[in-house]
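Please find below my notes on the model, set out as numbered points.

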Amino acid sequence: MKWKRILIFTAGLVVIAVAVAALNRIFIPKYVDNNQDGRVTAEFYREKTELDILFFGSSTVYNAISPVCLYENYGCTSYVRANASQTLWQSYYLLEDALRDHRPKLVMVDMSFMKYGGEFVEEASNRKALDGMRFSKSKYDCIRASMWEGEQMITYFFPVFRFHSRWKELTKDDFYYAARVPDVTYNGFIMQFDIPDEQVIYDREPRETYDFPEKAWNYLDRICELCNREEIPLVLMKTPTYVNNWYDEYDDALTEYAQEQGIEYVNFDWYKDEMGNELRTDYVDSGSHLNLVGAEKFTKYLGNYIVGRTGEFSHEKNAEIDKIWEKKVIRYEKDKTEGMKEYERRLQELSLDF
Amino acid sequence: MSFVSFGFVFFMIVCLAAYYAVPKKYRYLVLLVASYSFYILAMRRYVLYLIVTTATVYGAGLWIDRIAKQQKAYLKSNKQDLSKEEKKAYKSSMKKRQKTVLVLCLLLNFGVLAFLKYANFVIANVNLFRLRFFGRTDYFGFFDLVLPLGISFYTFQAAGYLIDLYFGKYEAERHFGKFALFVSFFPQIIQGPIGRFPELSETLFEGHDCEFRQLVYGFYQVMWGLFKKLLIADRVASYVGNTIASHRELGGAYILFAIFLYSMQIYGDFSGGIDITIGVSRMFGVRMAKNFDRPFFSKSVAEYWRRWHITLGTWFKDYIFYPLSIAKWTLNLGKWTRTHISETIGKKVPIYVSMFIVWFTTGLWHGAEWRYIVWGLLNFLILAVSTELEPYYDRGYALLHIRQDGKIRKYWQVIRTFTIMSFLRVFDISASVGDACSVIRGVFHNFSDFNSGKIAELGLPPEELRAALFACLAVLGVSLLQRKGSIRDRIMEQKLPVRWVCMAVLVITVIIFGSYGIGYDARDFIYLQF
């Protein structure tokens, strides 16, 4: 009788757990048609091959570096673990999380968000970066470092408590994708094909201080320590942009820091001409986010830089990797061809040369 | 720490685990530590007020008890030596001593409550009086006062204990820790119910066995409380608040809708909160007094007040109304009226004077503002008028051929009572007495304008409105079923799968359709402010 009770009680708990998991899946935004960047963190866990390079940063990175293009041109496997407005502490914990399954030959971290400290907190960005992260201590620590005071820790572990109010807007897709969401990124890269109607770049305004916040420094130190401990080479970088909120003083501080740490810092703004970067045709907005054309130009240039640093990549010992990546290439090229039609239409519409 | 927070859920899990982990005889200590932790987390240093009330009432209780025992022992040992008159004189002197202790302790505790709650109200009115009648603009400054959490509730509860002790209803609690728990028990300190010592102490101090049934039973009640709070009260709060605030620009139908919705809001909020309190207590095996008995089914205002906030009503009845109605001065006033005015009126004077004071105090208890006092006095007026008109009602119904025990009369009485109580509550939600009158006037103009677009604009989009109405219907349905006895009891008698399904439906409904989290304004319990 006692055993029967225990069995029934355990079965009840299992049913509750399944029900809660199902509710979480149904209510969490799916980020399939819109805001695809919300899928970047979760899709990483589907990666079955060993990765040569891991990239971290914000939206400027997931729009700028195409791992499939890198593979096609240099044979290296990579993943972009970047989210919209991803802060340094999020990059740190996503790196810590990634190193549980992968041992990359190189880690590259974008510094664009180095200028934001604890005051930079935005729920939507936190959600995109964290909702897809698997349960772990890294996730717990990352939530603690990222949350703003109005948020509740438990809602990150049980998203239904945050998104329950979506009951009004649930569609068939929410139930369909609750079971399985298709891949929407290309190893963390998000393809964009738009060109703005016009390009306006504003002058840089002088700032009161050019110091990076303490919290950002602290997590940059931790990133360096982690890579050091794991004996993984680290490169700090800045993707090519025309933004007016990046200053020479930032470059000076990061160059000095990199020298102290014995690592490299590269601002790819300095090489825009070499890579053939065009403000008018290579960005989806006013000089922050690259479209596919700009991204491929940058990726090829970046690949050249990486190969120059680490040497050639080869997966001859593991043919399975190439097999998997060939499939990725087919999907990428198919979607690229489709998207380029839209890009060319925009060029014609705006009377621009390509 | 709000009852409706993940923090409280965590707090409860820790408390329950600790309560059932320690030996039975120390379980009251877990509750005491939990209660003080809860209070300190919410009020920090203001816990001192709670300690002062606890210590003074505990001390006074022991003192009164000692006098009673002294008297008993003295009379016993001198039974043969004392004459009847001497015994009477001795008893009277001892009662006087007890009374002195009682009055001093009550003065101290009600004095603190009155000062914290009403000092600034008095100053504001004195300033206004001086300005109006003497043109004085040298205003008295206000005190920077913080009202400690639940002070009205724990002061009333402690005072009730002391008064009953004075009347010799029971002996004083000698164990300070247990008495401190009686005053501070955390589930009830926010908004009651106001417990009586003999009933509450029966289950509060005893270490209970960990019974799965008790836990589930309590959990059901907590979830039902959350259902009322999150699906009704917090959902309609925006609409009600916005409509009343901008009533001058709105048609009467929107205002009337807001007035009725506010009745549902305050019921969901207060009775929901009480359900959480009772459910949480039940999980520790502690039985709390009933505070609501389906008040919206009342057929008269008097009945409504016997079914709404029952423990406050009985407190006022037992400790103010009854003592006042048999007090010397009210009886003398009745006598004087009988002699000088009329026999019939004279008989009623002690009752109506006591009622007037009770309702004035009830209004004042709800808040230090004239609108609450007016609300209390309007309740008194309606109760007095309806008592006087009772015979005429019967004649009116007979003329209309409406049967005394017929359904038509019953439905009419229920709807009438609900409408009256809803309109009285306007004084509760309005900013001032003038504003409340303006809201009521507003109901009667431009009544034809009523559309869902405007309702959405005022804070209740169609889906939210449907959810709120569904929840109200669910509460109505449950209330109808409750006429045949407790629904929880009936669910607990069902087979396991049925019990699990009922629980799952309730929990999932609250999680999904509740108004909580980002995107909804977190709202405190309304009665917290009283």
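1. How much area does chain A expose, and what share of it do carbon and sulfur atoms supply? Chain A exposes about 17100 Å², of which carbon and sulfur atoms supply 50%, with accessible areas from the Shrake-Rupley method and a 1.4 Å probe, where for residues only the protein chains shown count as cover.

2. This is a predicted model, in which local features need pLDDT of at least 70 and side-chain atom pairs count only at pLDDT 80 or more, while totals for chains, interfaces and linings use all residues. Residues are numbered from 1 along each chain as its sequence is written, chains are lettered from A and ligands numbered from 1 in the order in which they are written, and side-chain values use heavy atoms, without hydrogens and water.

3. Chain A comprises 16 helices and 5 strands, taken as DSSP runs numbered from the N terminus (helices H or I, at least four residues; strands E, at least two). Buried residues make up 55% of its 354 residues, where buried means under 20% relative accessible area, exposed over 50% and partly exposed in between (1.4 Å probe, protein chains only).

4. In chain B, the buried residues of α20(B) include B:Leu465, B:Ala468, B:Cys472 and B:Val475. The buried residues cover an arc of only 165° around the axis, which puts them on the same side of α20(B); the arc is that of the directions from the helix axis to the C-beta atoms. On the other side of α20(B), B:Arg466 and B:Leu473 are exposed.

5. The buried residues of α20(B) pack against α9 (212–245), α10 (252–283), α19 (452–457) and α21 (487–492) of chain B, contact meaning heavy atoms within 4.5 Å.
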